[in-house]
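Here's a quick look at one long element and a few backbone oddities. Have the coordinates open while you read.

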Amino acid sequence: MVALDIVHASNAQLRELGPGLVALFVGGTSGIGEYTAKAFVRNTVSPHVYLVGRNAAAAERIIHECKALNHDGNVEFLKADVTELGEVDRVCQEVGKREKHINLLVQSQGNMTLKGRDENSEGLDRKFTLNYYSRMRFITNLLPLLRNATSTPPHFSRILSILSAGTEGRVNFEDLELKNTFSRMRCATHTIVMNDFMAEEFAAREPRTSFIHSAPLAVNTGLARELPLWARLPIKALSPLMAPFMVGADETGARQLFIATSGLFPPAKPAGDSVLAAGVPVPKGLSVAKGANGKVGSGGYLVNWNGEITGKEALLKEYHDKGVGKIVWEHTMGIFDRVEKINQAKADVK
Ligand SMILES: NC(=O)c1ccc[n+]([C@@H]2O[C@H](COP(=O)([O-])OP(=O)(O)OC[C@H]3O[C@@H](n4cnc5c(N)ncnc54)[C@H](OP(=O)(O)O)[C@@H]3O)[C@@H](O)[C@H]2O)c1
């Protein structure tokens, strides 16, 4: 476990990256995304931050609170329902009009629901899309801006997907998108394994950027807000009992920011000769982490809430041997092609 004082000391060094870092937090209007965004604003010089979500009132509150954390920070809200990939594309275009580069993309969009398969207008399940397809679409669309960040000082380009690395299970390769075999449990398992393998696949293709899938442990957030009242009440009643087993808001923000920015998790081939291109220098006594493909410093990492490497080793080895990375990559690009055609047809009708 990386000690909390080491985490804070590392985050404080983010100031050495200089002014004007640009970061996008999808899911930054609540919970873990909000806490991580605030930790970023607190520890950087004149940062430019975008919060993506649906809740404008929450965004307004966070923007106000961020001003108190750092007067020179600039935090903006981009409203979008990212259960639709068309909306992801729209937001990315908006960001592309405003920014030449992005240094950090943090994604924590998600919900808790009792619904079964709930298809969006693009034929994808909405929860699956929050946990997985929207995240991969943001990364794919924003790669040019993340690459631009590697070509100018401080050459710093990082991606964090906060879901549940380390809780992998068996996947049904006959129905990866769960069109016919959906259950909430399978949705969790599929999206966790797919986030794992895409961190590795992207890292192999984009060696100047770090790709990380992390787990937050248990954090008291707004995650249950979409559940019916009868399901929310017992969660509320139990939360004081759960408190000793939960990670607090500030600690969560600090730890996820550390994971997102530390040189423990460097890109495979950091750009330029700047030391900071590999991330905030590795804390004394620690060493560069082993990537999801088993190679130290591979650029794609599965990281637990406490900064340690995670992942169900035996299962992931079996899946590596089976070529799951290629299977998941091709499936995802196939889904993107399919959805692009659907959205093009919708646009043609208008
Ligand atoms: N909390 C935990 O203990 C825990 C444990 C393990 C894993 N996780 C995972 O960590 C991630 C973050 O969870 P959290 O606890 O921080 O939850 P949270 O407080 O509910 O935050 C979820 C974020 O996702 C956004 N979001 C939800 N639906 C959206 C939509 N349709 N379009 C755009 N944005 C949407 C929400 O924004 P708006 O409401 O503004 O749309 C909010 O900013 C989730 O993937 C969750 O499964 C959490």
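Where does proline 154 lie? Proline 154 sits in the loop between H5 and strand E5 (158–162), and the peptide bond leading to it from proline 153 is cis, with omega near 5 degrees. Helices here are DSSP runs of H or I with at least four residues, strands are runs of E with at least two, and both are numbered from the N terminus.

A note on provenance: this is a predicted model, so local features need pLDDT of at least 70 and side-chain atom pairs count only at pLDDT 80 or more, while totals for chains, interfaces and linings use all residues. Residues are numbered from 1 along each chain as its sequence is written, and side-chain values use heavy atoms, leaving out hydrogens and water.

Two leucines have a positive phi despite not being glycine:

| Residue | Phi | Location |
|---|---|---|
| Leucine 178 | about 60 degrees | loop between E5 and H6 |
| Leucine 217 | near 65 degrees | loop between strand E6 (210–214) and helix H7 (229–242) |

Leucine 178 is also buried, at a relative accessible area of 0%. Buried means under 20% relative accessible area, exposed over 50% and partly exposed in between, using a 1.4 Å probe and protein chains only.

Now for helix H10 (residues 324–349): its 26 residues reach 38 Å from first C-alpha to last, close to the 38 Å expected at 1.5 Å a residue. That expected span is 1.5 Å times one less than the number of residues. Among the buried residues of H10 are Trp329, His331, Phe336 and Asn343. Their cover includes helix H4 (85–98), helix H5 (126–151), helix H6 (184–205) and helix H9 (313–321).

Technical notes:
Contact = heavy atoms within 4.5 Å.
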